[in-house]
Amino acid sequence: MKAAIFEKPGLENLRVIDNAERPKISDHDILIKVKMAGINPIDSFVVSGALPKIDPLPHIPGAESSGIIEEVGSHVNNGNNNNFKKGDRVIVHNKVFDGTCDMCLNRLDMICRNGGLIGAITNGGFAEYIAVPERNVFKIPDDMGWDLAASLPVTSLTPYHALKEASLKINEFLVVFGASGNTGMVAVQLGKKIGAKVIGVSKDNWVKTDFGADYIISDYDKVVENVKDITQGKMADVVVNSLGIGTWDSSFASVGINGRWVAFGGLTGADVKLNVQALYSKQIKLIGSTGGTRKELQELIDIFVV
Ligand SMILES: [Zn+2]
């Protein structure tokens, strides 16, 4: 089959070949013919060697994929109502998890103590076929486009889980840094759907016209004063900022009393300087977030089920 593959880390080593071995499935696996795969920072980390463990080598990256079921293992559909069959349109939840550790028992399978990422510790979806366990497969509606489908498991689930971790509520002010990035666009839309007042920080005004942000702040040097104006001095209830150290100061200063600051990445660097007094005196919560649960992925799919 055709696949993007590399034998040793380095973006220059990634190539597309026609004769990659088609994955074999075990009894509990499903073979999916990939229709579309998303590209995310995690894929760059995998290919460049920034992650400690990449397996197997040679390696096919691709953490976010969608496609059509080609084949199901002999034990698939045992004892559940999934009824997976050839031809079903599906997406792949990209977390490897054991299902038995204390995190998994608490339904936090994305931070399984013995887990990892499909596309990092297994081959991923930048190929004609991918084989994954049945429990990682989710059906999607017939009328959902492949571009949307392929953007649910990482691009959409990541900010959705982050907003839930930050307990975003109706009428609260949400500030999204990098609002025209992939996760930022979704954070803006989910923020609106939850009922928040959404302030996007981006040089792209289409985040407001196309994705429904209530306000756009286009000057990164004036974020704090603009947030102050918009919120009439109260500042933000929730700030999403995965841009890293370059925007740390302005993003933290944008959080109001009893506010929450949440990140699922640190694109420009992660070593920030924190004023602890500002943190405790305003009772601010700093929240780390990664991926999302399988239940949350199903919730995202169900947004499109009418
Ligand atoms: Zn676990």
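What percentage of the 306 residues in the protein is buried? In this predicted model, buried residues make up 47% of the chain's 306 residues. That is a good place to start a tour, and the overall dimensions come next. The protein has 10 helices and 15 strands. Its radius of gyration is 20 Å, close to the 19 Å that the globule rule gives for 306 residues, so the protein is as compact as a globular protein of that length. Along the principal axes, the C-alpha trace spans about 60 × 45 × 40 Å. The accessible surface comes to about 15,000 Å², and carbon and sulfur atoms account for 51% of it. If you like contact maps, here is one more number: among contacts with a separation of 6 or more, 68% are between residues 24 or more positions apart.

Let us turn to the sheets, beginning with the antiparallel one. Here 5 strands form an open sheet in the order 8-3-4-5-9. Strand 8 (129–133) and strand 9 (137–139) stand at the edges with a single partner strand each, so one side of each has no neighbour in the sheet. On average, neighbouring strands of this sheet are turned by 45° against each other, direction ignored. Walking through the pairings, strand 3 (residues 29–38) is joined to strand 4 (residues 64–72) by 8 bridges, and I30 stands opposite V72 of strand 4. Strand 4 in turn pairs with strand 5 over 3 bridges, again in the antiparallel sense; there, I68 has R89 of strand 5 as its bridge partner. Another 3 bridges join strand 5 (residues 89–92) to strand 9, where V90 is partnered by K139. Helix 10 (residues 294–302) packs on this sheet, touching strand 5 and strand 9, and its direction makes about 20° with that of strand 9.

The other sheet to visit is parallel. It is open, and its 6 strands follow the order 12-11-10-13-14-15. At its edges are strand 12 (215–217) and strand 15 (285–288), each with a single partner strand, so one side of each is left without a neighbour in the sheet. Neighbouring strands are turned by 20° against each other on average, direction ignored. Strand 14 (residues 255–263) and strand 15 are held in parallel register by 4 bridges, with A263 having G288 of strand 15 as its bridge partner. Helix 5 packs on the sheet and touches strand 10 and strand 11 (197–201); the direction of helix 5 makes about 170° with that of strand 10.

What lies in the interior? In soluble globular proteins, nonpolar side chains tend to be buried together. The largest nonpolar core of this model has 32 residues, of which I91 and L174 touch the most other members. Elements that each supply at least two residues of this core include helix 3 (146–150), helix 4 (152–165), strand 10 (173–177), helix 5 (182–194), strand 13 (236–240) and helix 10. Helix 4 gives the most, with 5 residues. Beyond its neighbours within four places in sequence, L174 is in contact with residues including L163, L168, A187, G191, I199, V238 and V240. A second, separate core has 19 residues, among them I199, I217, W248 and A263.

Finally, a few loops deserve a look at the backbone. Most residues other than glycine have a negative phi, and most peptide bonds are trans. The loop between helix 1 (41–48) and strand 4 holds P56 and also P58. The bond joining D55 and P56 is cis, with omega about -5°, and the bond from L57 to P58 is cis as well, with omega near -10°.

Positive phi values turn up at R107, near 65°, and at Q232, near 55°. R107 sits in the loop between helix 2 (102–105) and strand 7 (116–117), and Q232 in the loop between helix 7 (223–230) and strand 13. R107 counts as exposed at 62% relative accessibility, as does Q232 at 75%.

Is T293, in the loop between strand 15 and helix 10, buried or exposed? At 10% relative accessibility, T293 counts as buried, because the cut-off for buried is under 20%. Leaving aside neighbours within four places in sequence, T293 is in contact with H93, R107, L108, D109, M110 and L157.

Notes:
Residues numbered from 1 in each chain as written. Predicted model: local features only at pLDDT ≥ 70, side-chain atom pairs only at ≥ 80, totals over all residues. Heavy atoms only, no water. Pairing = 2+ DSSP bridges. Axes fitted to C-alpha atoms, helices over the stretch in contact; angles between N-to-C directions. Contact = heavy atoms within 4.5 Å. Rg over C-alpha atoms; globule rule 2.2 N^0.38 Å. Buried < 20%, exposed > 50% of the residue type's maximum accessible area, 1.4 Å probe, protein only. Areas by Shrake-Rupley, 256 points an atom, 1.4 Å probe, with all protein chains shown as cover. Core = buried A, V, L, I, M, F, W, Y, C linked by side-chain atoms within 4.5 Å.
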